[in-house]
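Thanks for coming, everyone. I have one structure to walk through today. Please look at the screen.

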Amino acid sequence: AFHEYPVTQDYRISRRVLGVGINGKVVECENRVTSEKYALKVLRDTEKARREVELHVMASGHPHIVSIHDVYKNSYNGVDCLLVVMENMKGGELFARIQERGQKAFTEREAAGIVNEICSAVAHLHRMSIAHRDLKPENLLYCTTSGTAALKLTDFGFAKKTDESEPQGLKTACFTPYYCAPEVLGTEKYDKSCDLWSIGVIMYILLCGYPPFYSQHGQPMSPGMKAKIKSGQYTFPSPEWDCVSEAAKDLIRKLLRTEPTERITIEQTMEHKWISHYRKVPDTPLFTSSNLCDQKEQWTDMQDEMEATLASMRVGPENI
Ligand SMILES: O=C(Nc1cc(-c2cc3c([nH]2)[C@]2(CCCNC2)CNC3=O)ccn1)c1cccc(C(F)(F)F)c1
């Protein structure tokens, strides 16, 4: 249930904008009693916003999910809004921190530790039949600027329940299901498999500093593209990948399978030795930090491309 009284009664809202999400803007705010700083996400009160808040509240409390502190329903000159007060992730975004690394090289073992944190957040969501569907670097934030700060996942703007609790479009259609192809009936696999693909892309970038897939530059993703990821082939180019372990490449191959039904699940990923024994992964220095810095200007292109591919993967009866 949401507080109906004004959020300004409990928090002083600063003008500092922390970012803009799918459904709303994020600003810094301060609790009037404790002077603690929080992040405030302002959403128009729509069906979509309700779902975002509901799923984020369900997931909140896990050590690698940004926690929700309070939710308010206020209206400003006749427009109903939902205001979500979250813990303030003062450490900023995942790749910004690796870019700012400077001299001390980023190692394969550190990459494994980060992927382990992301996987435990996704495992928590998938156990609750929630698919995040917008797992991208800019939604992975650090609690504080300290080197040991926890990495947490945020922005449930595209999250969705994958069990039958929600009418899955086609499921309600009146036809004899046994003629229906599996991939149409079980969007459950699809939605969750988007998150595994995202983990694969993030893991690839962590290990070399550039993304696995490039579309022909400037070529827009064809609109209405089916769930197939316009993946093209990816490779493990020299010299960056010569020093990366076979176990890491094995896991990437299983995460980046083009066919969603052939992609590894989050449970299988957590059992993969590169994750389950991440503390034993070789502490090999990587090219990541320098490559992330060198191709800084291509960074926004990369984010746009990942965004476009995620959009094309968010298949659902409503999107087919
Ligand atoms: O982002 C910061 N604090 C923060 C931010 C969020 C947050 C929520 C959402 C987002 N951020 C984004 C912003 C645009 C990129 N995607 C994520 C869109 N969707 C969200 O739902 C949540 C909690 N604390 C922050 C605070 C202080 C300092 C710094 C920095 F490190 F940058 F100095 C960052």
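First, a term. By a polar contact I mean a pair of N or O atoms within 3.5 Å. Keep that cut-off in mind. One more caution: this is a predicted model.

Now the ligand. Asn-139 puts a polar side-chain atom 3.0 Å from a ligand nitrogen. That falls within the 3.5 Å cut-off, so we call it a polar contact. How much of the ligand does the protein cover? Of the 670 Å² of accessible area that the ligand has on its own, 83% is covered by the protein.

Two backbone contacts go with that. Met-89 has a polar backbone atom 2.9 Å from a nitrogen atom of the ligand. For Glu-138, a polar backbone atom is also 2.9 Å from a ligand nitrogen.

Next, the neighbours. How many residues surround the ligand? The count is 22. The closest are Lys-41, Met-89, Glu-138, Asn-139 and Asp-155. By class, this shell has seven nonpolar, seven polar and eight charged residues. Which elements do they come from? Strands 1, 2, 3, 5 and 6 each supply at least two residues of the shell. Strand 1 has the largest share, with four residues.

Where does the ligand sit? It is in the largest pocket. That pocket has a volume of about 640 Å³. Its lining has 30 residues. Nearest the pocket centre are Leu-18, Gly-19, Val-26, Glu-138 and Leu-141. Note Glu-138 there: this residue is also among the closest to the ligand.

Here is the lining by class: 12 nonpolar, seven polar and 11 charged residues. And by element: strand 1 (11–20), strand 2 (24–31), strand 3 (37–44), helix 1 (47–59), strand 5 (79–87) and strand 6 (92–93) each give at least two residues. Strand 1 gives the most to this lining, four residues.

Last, the backbone. Most residues other than glycine have a negative phi, and most peptide bonds are trans. Two places here deserve a look against that.

Take Ser-129. Its phi is near 55°, a positive value in a residue other than glycine. Ser-129 lies in the loop between helix 3 (108–127) and strand 7 (130–131).

Then Pro-239. Is the peptide bond from Ser-238 to Pro-239 cis or trans? It is cis, with omega near -5°. Find Pro-239 in the loop between helix 5 (187–208) and helix 6 (246–255).

That's my tour. Over to you.

How values were computed:
Residues numbered from 1 in each chain as written. Predicted model: local features only at pLDDT ≥ 70, side-chain atom pairs only at ≥ 80, totals over all residues. Heavy atoms only, no water. 1 Å grid on protein atoms, 1.4 Å probe; cavity = no way out; pocket = protein on both sides within 12 Å on 5 of 7 lines; lining within 4 Å. Points joined across faces, edges and corners; volume = space filled by probe spheres on them. Nonpolar A, V, L, I, M, F, W, Y, C, P; charged D, E, K, R; others polar. Near = heavy atom within 4 Å. Polar contact = N/O pair within 3.5 Å; in protein donor to acceptor, adjacent residues only side chain to side chain. Areas by Shrake-Rupley, 256 points an atom, 1.4 Å probe, with all protein chains shown as cover. Sits in = over half its atoms within 2 Å of the grid points.
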